Each structure stands twice: as C-alpha cells, then as structure tokens.
Amino acid sequence: WQECVDRDRSLRPFKEAVGLFVARYEAWKEENDYFDFLDMLRKGQEQGVCPPVELAVIDEFQDCSPLMVKQIFDWVKLIPKVVIAGDHNQAIYEFMGANPEIFKNFPADETIFIKESKRLGQKIIDKALSIIHKNKDEKDFSFYSVKDDPGSIVEVPSMIHIVRGIEKLRGKDNTIMLLGRDRYNLSKAKYILKEKRYTVRRVGVRVTSTAFAHNATRSNYSI
C-alpha cells in the first residue's frame with residue numbers, strides 16, 4: 001500500500017481518509033466492547049490458542065491473509081498432522097494481502113499434486129489452461145478431466161445477459177443456480193427474473209466471500 005502511495009501522490013488523501021476511518025472504527029469497537037474477525041485472530045495468537053486436534057485441514061490456503069498465515073504456522077508447530085490444501089492459480093484475495101507464493105513454497109514433508117478433475121469437463125480445463133499458461137512461471141502446469149462430458153463454454157458480457165436468455169440454459173433436470181459475488185448484479189438479475197414471472201428466492205449467503213445464491217421457479221422449472 002505504501003509503495004502505491006509513493007508512486008501516485010493522488011492516493012495520499014485516500015490513505016489519510018482510510019487511516020481516519022480505521023482509527024474511528026477501532027475506537028468504536030473498544031467503546032462498545034466489540035470484536036471482529038481480525039481481533040479474534042490477534043487475541044488467539046496473543047493467548048496461544050490452538051485447536052485440541054490430532055489433524056487439521058486448512059483449505060484455500062492461497063487466499064489466507066498474512067495474519068491467518070501466521071496463525072497457521074503457529075498451529076503447525078503444535079498439531080501433530082496438518083494438511084494444507086489450495087491452488088495458487090485460484091488466488092483471488094491478494095488485495096487482502098494474501099500471497100499464493102507462500103502456498104507454493106510451503107515447507108511440507110510431502111507435496112501431492114492432484115492432476116485429475118472430477119468437476120470440470122476437458123473443454124473448460126483447456127480454456128483455463130490457455131489463461132494459466134500466459135504466466136511464464138506456469139508454462140508446465142497441467143491437469144485433465146476424468147469426466148465423459150467435455151462440457152461447453154459460453155462467453156457472455158455479464159450475468160444479466162445470461163438471465164435474459166435463461167430459458168435456453170436449463171439443465172436436463174430443469175434446474176439452474178445463479179451464483180454471484182455481489183448483491184448489485186444479483187439484484188438486477190432478480191428484477192429481470194420477476195419480469196419473466198419467476199418467483200425468486202434467496203437460498204444461501206456466504207458472508208466470508210460475499211457470495212449470494214438465488215433460486216427462482218416458474219411453472220415446472222426451477223433455477
């Protein structure tokens with residue numbers, strides 16, 4: 001962050017505003033006796049809290065923040081067996097300080113590379129690899145599908161474009177789930193679905209990644 005500010009002076013007022021917000025937020029928490037997730041991590045580290053387990057499995061390690069990584073390294077010293085799972089090519093939280101290189105270079109006793117995908121068809125994998133291989137450090141990275149169905153790829157400008165042609169996308173069992181990363185696009189999608197006389201119902205909210213899912217039904221169709 002400091003490097004960005006040093007390169008672009010126009011960011012200095014923004015940095016000051018963020019600093020003021022953080023200071024007031026911390027003061028508000030203290031006055032009202034509130035703790036947020038970062039506070040829990042800090043307290044856990046200060047007090048040496050460790051889950052009393054023989055095995056710990058840490059998933060999506062490539063997206064762990066520096067504070068979470070420190071906590072995990074502390075646990076590794078105390079828990080008999082720790083499994084670290086993740087994929088550095090799926091890192092999406094670098095804006096929070098996550099560094100996928102830590103996952104790639106984790107000091108493990110054993111490293112297992114999973115080359116088979118039971119989720120994706122080969123067409124989708126080939127598309128993903130064409131993007132991954134643009135990274136010069138990932139030229140040799142590969143994996144393959146074990147599914148009979150190769151899948152298909154449809155490139156569209158936005159979720160709204162998909163929703164407008166939703167009838168064409170129903171699966172064999174007439175079901176579709178819309179999964180979005182923000183309320184803004186899903187709210188627009190919900191409005192369009194209502195215009196199409198679908199009854200829309202929110203079925204899940206995963207706050208940690210700000211992901212929202214909606215189900216919509218119309219006649220015998222479910223989405």
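# Group meeting: a walk through the contacts in this model

Okay, let's start with something that isn't there: searching the whole structure turns up 0 disulfides. And a reminder before we go on, what we're looking at is a predicted model. While we're on cysteines, here are two of them. Cys-50 is partly exposed, at 23% relative accessible area. Cys-64 is buried, with a relative accessibility of 5%.

So, on to the strands. Which strands pair in the parallel sense over 4 bridges? That would be strand E1, residues 55–58, and strand E2, residues 81–84. If you want a place to put your finger, find Leu-55, which stands opposite Lys-81 in E2. Now bring in a helix: E1, H4 and E2 together make a β-α-β unit, and that unit is right-handed.

Let's stay in E1 for a moment and pick out Ala-56, which is found in that strand. Ala-56 counts as buried, with a relative accessibility of 10%. Along the chain, Ala-56 and Pro-80 are 24 residues apart, and their C-alpha atoms are separated by 8.6 Å.

Next topic, rings. How many aromatic pairs does the structure hold? The count is 8. One of them is Tyr-25 with Trp-28, and that pair is stacked, with 6.4 Å centre to centre and 15 degrees between the planes. Both residues lie in helix H2, which covers residues 12–32, and they sit 3 residues apart, about one turn of the helix. Are they buried or exposed? Well, something in between: Tyr-25 is partly exposed at 29% relative accessible area, and Trp-28 is partly exposed too, at 42%.

Here's another pair to look at, Phe-73 and Phe-106. Their ring centres are 5.1 Å apart and their planes are at 35 degrees, so this pair is tilted. Where do the two residues come from? Phe-73 lies in helix H4, residues 66–76, while Phe-106 is in the loop between helix H5 (100–104) and strand E3 (116–117), so the pair ties together parts that are 33 residues apart in sequence. The two rings also differ in class: Phe-73 is partly exposed, at 29% relative accessible area, whereas Phe-106 counts as buried, at 16% relative accessibility.

Going back to Tyr-25 and Trp-28, they belong to a group: with Phe-21 and Tyr-34 they form one aromatic cluster. And there's one more ring worth a click, Phe-141. The charged end of Lys-115 sits over the ring of Phe-141, 5.7 Å from the ring's centre.

That takes us to charges. A search of the whole structure finds 7 salt bridges, and I'll show you three of them.

Start in helix H2 again, with Lys-29 and Glu-26. Their side chains meet in a salt bridge, 3.3 Å from N to O. They are 3 residues apart in helix H2, so about one helical turn separates them. Which one is buried? Lys-29 is, at 4% relative accessibility, while Glu-26 is partly exposed, with a relative accessible area of 33%.

Then move to helix H3, residues 37–46. There, Asp-39 and Arg-42 are 3 residues apart, so again we have about one helical turn between them. Their side chains meet in a salt bridge, at 3.3 Å from N to O. In this case Asp-39 is buried, at 13% relative accessibility, and Arg-42 is partly exposed, at 36%.

For the next one we leave those helices. Lys-104 and Glu-138 meet through their side chains in a salt bridge, with 3.3 Å from N to O. Lys-104 lies in helix H5, and Glu-138 lies in the loop between helix H6 (122–132) and strand E4 (144–145), so this pair ties together parts that are 34 residues apart in sequence. Lys-104 is partly exposed, at 36% relative accessible area, and Glu-138 is buried, at 6%.

Last thing, and it links back to the helix pairs. Salt bridges that share partners join Glu-26, Lys-29, Asp-36, Asp-39 and Arg-42 into one network. If you follow that network on the screen, you'll pass through Lys-29, the buried one in helix H2, and Asp-39, which counts as buried as well. That's my tour, thanks everyone.

Definitions and conventions:
Residues numbered from 1 in each chain as written. Predicted model: local features only at pLDDT ≥ 70, side-chain atom pairs only at ≥ 80, totals over all residues. Heavy atoms only, no water. Phe/Tyr/Trp six-rings, centres within 6.5 Å; stacked < 30°, edge-to-face > 60°. Helix = DSSP H or I, 4+ residues; strand = E, 2+ residues; numbered from the N terminus. Buried < 20%, exposed > 50% of the residue type's maximum accessible area, 1.4 Å probe, protein only. Lys NZ or Arg CZ within 6 Å of the ring centre and 35° of its normal. Disulfide = S-S within 2.5 Å. Pairing = 2+ DSSP bridges. Right-handed = clockwise from strand over helix to strand, strands pointing away. Salt bridge = Lys/Arg side-chain N within 4 Å of Asp/Glu carboxyl O.
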